[in-house]
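Me: I should like to learn how to read the features of a protein model in a systematic way. May we go through one together?

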Amino acid sequence: VGLSVVGSVFRFQYIYKLEQAVPMLARRLNPAQDDAGGNERTAQTVLLDSGGRPWKHFPPSSDVVLSMRDVLAVVYGFPQHFHVGVGEIPWEVFRDGLELVARVECYNDAGTLYKLGDGKLDSLIVGREPICLLIISYSRCCADMASWSQDATGDITVDRAVTLRMRSTTGNMKFINMGKIVVSLTSLLVLLALPMKLMRWFIVTCLGQLSVLYRRVLEHLFDIQRETATMAILLMSNSVAFLELADVECSKNNHPGISEERMMERMHQVMRQRREDLDEYEVAAFVDCCYTSLLQNKGDDSSGRKIRQKVMTKLQALFSRKRLPSHESSIVAKEMIDIDTFNTWCSFDSAVNLETAVKLFDKDRPRRWLERTFTPRGLRRALHMVKS
């Protein structure tokens with residue numbers, strides 16, 4: 001190898017391909033990333049010296065051009081007897097020639113890159129384009145051109161060469177994969193639920209009679225017929241309390257009812273030990289709020305209807321300028337809680353409340369075929385008896 005060859009210039013070209021397609025989320029975040037991979041025009045190319053540190057940078061869209069002196073100055077892995085420092089060219093190259101191997105490794109994740117370089121590559125900044133490391137290493141010495149010649153004196157001349165071979169290698173590309181994120185989160189939720197399931201099993205299994213109580217709370221058994229029978233018993237017991245509390249009768253149908261005055265009287269007794277917190281006016285406000293809420297879900301005597309009646313009556317009185325009969329005035333003004341409203345609110349938290357039970361046993365209500373198919377046998381038999 002003559003000194004003139006040291007000034008030669010080389011242009012490096014390479015391509016890298018991805019083994020798998022880029023996930024959709026990563027492609028949206030970086031539209032420049034292609035599933036097919038890239039080359040030296042789409043990546044940052046960094047030439048490493050013999051110590052593994054950055055030597056030269058080639059930004060994207062630029063040619064990777066190196067002189068022979070640059071190549072020889074960054075060779076990694078020279079034999080120890082060469083006694084060469086970083087950036088130096090050993091004189092044995094000109095005497096014996098050598099064979100070099102060049103490889104390119106591409107990365108798009110700073111963490112992987114810094115870990116690979118063990119602190120030597122921390123100065124590199126990974127942007128939207130990946131970084132491809134160009135590494136040139138020593139392979140063997142004494143490469144020749146297979147050209148032997150003998151002059152007139154009998155001396156043999158061997159042309160030595162610097163052979164540079166490109167070798168394919170693998171890099172590491174990381175992308176955000178939404179599918180793996182979802183799978184990981186699902187697995188995490190499953191694992192987090194295991195302690196709760198173990199604790200639940202321990203509570204309902206290993207605590208004797210306490211487990212029986214906890215199981216009744218945690219594992220509620222539902223049966224339509226039993227729930228309906230329970231609701232019927234509650235309605236019977238509630239009717240006794242209602243008749244004891246009833247103090248007025250509806251002038252329209254003579255049904256018993258509970259007036260606001262009776263509710264006020266009983267709530268004063270209930271709140272007797274709470275007088276330091278609620279005085280009479282506050283108890284009255286409490287009763288008024290509760291009584292109004294109870295009347296809002298009333299049947300035929302709902303408060304909405306009563307309000308409309310009051311408005312219409314007052315409008316008629318305003319335009320006709322006539323005095324209303326006393327009995328009409330008492331009907332409009334008299335609000336009460338009838339037994340239907342009382343039972344509706346008493347069964348409010350039941351699995352089968354009064355409204356549900358009424359619709360369930362209403363034979364005139366149309367039933368679709370799925371409801372008829374899945375109706376319990378006992379309930380179906382009772383409905384059949386009513387129809388027959």
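Me: What does the accessible surface of the protein come to, and what part of it belongs to carbon and sulfur atoms?

Reply: Please bear in mind that this is a predicted model. The accessible surface comes to about 26600 Å², and carbon and sulfur atoms hold 57% of that area. As for the interior, buried residues make up 30% of the 388 residues.

Me: How many helices and strands are there in the protein?

Reply: The protein has 15 helices and 14 strands. One may then ask how far apart along the chain the touching residues are. Among contacts with a separation of 6 or more, 61% are between residues 24 or more positions apart.

Me: Which residues make the nonpolar surface patch?

Reply: To enter such a patch, a residue needs over 30% relative accessible area. Here Met 199, Trp 201, Phe 202, Leu 207, Leu 210, Leu 213, Tyr 214, Val 217 and Leu 218 make a nonpolar patch of about 890 Å². Helix 5 (178-205) and helix 6 (209-218) each supply at least two of its residues, and helix 6 gives the most, with five.

Me: Why does Leu 213 count as partly exposed?

Reply: The class of partly exposed lies between the cut-offs of 20% and 50% relative accessible area. Leu 213, which lies in helix 6, counts as partly exposed because its relative accessibility is 47%.

Me: In what order do the five strands of the open sheet stand?

Reply: The order is 5-4-8-7-11, and the pairing is mixed. Strand 5 (54-58) and strand 11 (162-167) are the edges; each has a single partner strand, so one side of each is left without a neighbour in the sheet. On average, neighbouring strands of this sheet are turned by 25° against each other, direction ignored.

Me: How many bridges join strand 4 to strand 8, and what packs on the sheet?

Reply: Strand 4 (residues 44-48) and strand 8 (residues 131-141) run parallel and are joined by four bridges. Within this pair, Val 46 stands opposite Leu 133 of strand 8. Helix 4 (residues 110-117) packs on the sheet, where it touches strand 7 (98-107) and strand 8. The direction of helix 4 makes about 145° with that of strand 7.

Me: How does one read the open sheet of three strands?

Reply: One reads the order and then the edges. The order is 12-13-14, with antiparallel pairing. Strand 12 (248-249) and strand 14 each have a single partner strand, so one side of each is left without a neighbour in the sheet. Two bridges join strand 12 to strand 13, and Val 248 stands opposite Gly 257 in strand 13.

Me: Which residues of helix 12 are buried, and what covers them?

Reply: In helix 12 (residues 339-346), the buried residues are Thr 341, Phe 342 and Asn 343. Their cover includes helix 7 (224-245), strand 13 (256-258), helix 9 (280-296), strand 14 (337-338) and helix 13 (354-360).

Me: Where does Glu 335 lie, and why does Glu 335 count as buried?

Reply: Glu 335 is in the loop between helix 11 (326-333) and strand 14. The cut-off for buried is under 20% relative accessible area; Glu 335 counts as buried because its relative accessibility is 15%. Its C-alpha atom is separated by 7.7 Å from that of Glu 260, 75 residues apart along the chain.

Me: What is the phi of Ser 61?

Reply: Phi of Ser 61 is near 70°, a positive value in a residue other than glycine. Ser 61 belongs to the loop between strand 5 and strand 6 (64-67).

How values were computed: Residues numbered from 1 in each chain as written. Predicted model: local features only at pLDDT ≥ 70, side-chain atom pairs only at ≥ 80, totals over all residues. Heavy atoms only, no water. Buried < 20%, exposed > 50% of the residue type's maximum accessible area, 1.4 Å probe, protein only. Contact = heavy atoms within 4.5 Å. Areas by Shrake-Rupley, 256 points an atom, 1.4 Å probe, with all protein chains shown as cover. Patch = residues over 30% accessible without salt bridge, like charges linked within 9 Å, V, L, I, M, F, W, Y side chains within 5 Å. Salt bridge = Lys/Arg side-chain N within 4 Å of Asp/Glu carboxyl O. Pairing = 2+ DSSP bridges. Axes fitted to C-alpha atoms, helices over the stretch in contact; angles between N-to-C directions.
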